[in-house]
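Here is a short report on salt bridges and helices. Take a look at the model first.

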Amino acid sequence: MARRLGAGSAGRLAIAYVEAALYANVLSTALRRLRAQRPSVSLSVQAMGTALQFEQLHLGTIDAGLVYRPPSADGGLSSVPVLREPLVLAIPRADPLARCRTVTPAQLHGRPWISVVRQPVDTLRPALLAACQRAGFTPDILYEASDPLSSLHLVSAGLGCAVVQASLGSKAVADVVFKKIPWLDLYVNVHLAWRSDDQRPLVQQMRAALEGAQARG
C-alpha cells in the first residue's frame with residue numbers, strides 16, 4: 001500500500017511540481033506565504049511529471065501538484081490555474097536576428113531550431129509545430145533538449161533558436177538574446193491539482209498562497 005505522506009495530517013503537506021513553476025518563482029513565492037501563515041507546517045517538495053502527479057494524487061502519496069494541464073473533470077481531482085505565461089524567442093548573440101528590434105515569423109522560416117521534449121507524455125514539440133504553422137512558418141527542428149534550461153545552453157552554443165517561457169529571460173546564460181514574439185499563440189500553463197475530497201485547511205491555504213503568488217507576479 002502506498003505511503004500517504006500528507007493525507008490525514010493537519011500540519012503536513014506533500015507537494016510535487018513541474019519545472020515551469022520554479023522558473024516563474026510561483027512555487028517559492030507560494031511556499032514563503034504558506035510558511036508565514038503556518039510556520040510549523042512540515043513540507044515535502046519534489047519534481048514530478050504531470051501524468052505521474054495525477055497517479056500519486058490518487059494514491060495519496062502527494063497532497064497537491066503543480067501540473068501542466070488540468071485533470072479530467074470526472075477523475076476525483078480538482079484544479080485551478082495558477083500561471084499562464086507567454087513564450088520568448090532565444091537567439092544566439094552572434095545571429096544577425098539578435099540585432100533586430102523585432103522578429104517576424106518569415107524571418108524564422110527554415111531556421112535551425114531546438115525543441116524541448118518531456119518524456120513520456122509532456123511533449124512540447126507537437127504544440128510548438130502547430131503554433132508555428134498558425135503563425136505562418138515552419139521551424140527546422142534539428143536538436144532536442146530534455147528541459148528549457150538545457151535548450152538555452154544549446155542556443156548559447158550557436159546551434160539554433162528556441163522558445164522558452166518568459167521567466168527564463170532573466171536567467172544568466174551567456175551569449176543568448178531574448179526577443180518578444182507576441183504573434184506566437186503558445187503559452188506555458190500551470191495548474192494546481194488536489195484531491196477533491198481533501199478538505200483540509202492546509203490544502204486550501206496552499207491554494208490561496210499560490211493564487212496570491214500569481215496575483216503578485
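## A buried aspartate and its partner

Asp 95 is buried (under 20% relative accessible area, 1.4 Å probe, protein chains only), with a relative accessible area of 14%. Arg 111 is partly exposed (between 20% and 50%, exposed being over 50%), at 21%. Their side chains meet in a salt bridge, 2.6 Å from N to O. A salt bridge here is a side-chain nitrogen of Lys or Arg within 4 Å of a carboxyl oxygen of Asp or Glu. Asp 95 lies in the loop between β4 and α4, and Arg 111 in the loop between α4 and β5, so the pair ties together parts 16 residues apart in sequence.

## About the model

This is a predicted model: local features need pLDDT of at least 70, side-chain atom pairs count only at pLDDT 80 or more, and totals for chains, interfaces and linings use all residues. Residues are numbered from 1 along each chain as its sequence is written, and side-chain values use heavy atoms, leaving out hydrogens and water.

## Other salt bridges

The structure holds 7 salt bridges. One of them joins Asp 63 and Arg 200, with the closest N and O atoms 3.1 Å apart. That pair links distant parts of the chain, 137 residues apart. Both Asp 63 and Arg 200 are buried. They belong to a network of salt bridges with Arg 195 and Asp 198.

## Helix α6

Helices are DSSP runs (H or I, at least four residues), and strands are too (E, at least two), numbered from the N terminus. In α6 (residues 148–156), Pro 148, Ser 151, Leu 152 and Val 155 are buried. Gly 158 follows α6, with a positive phi near 85 degrees.
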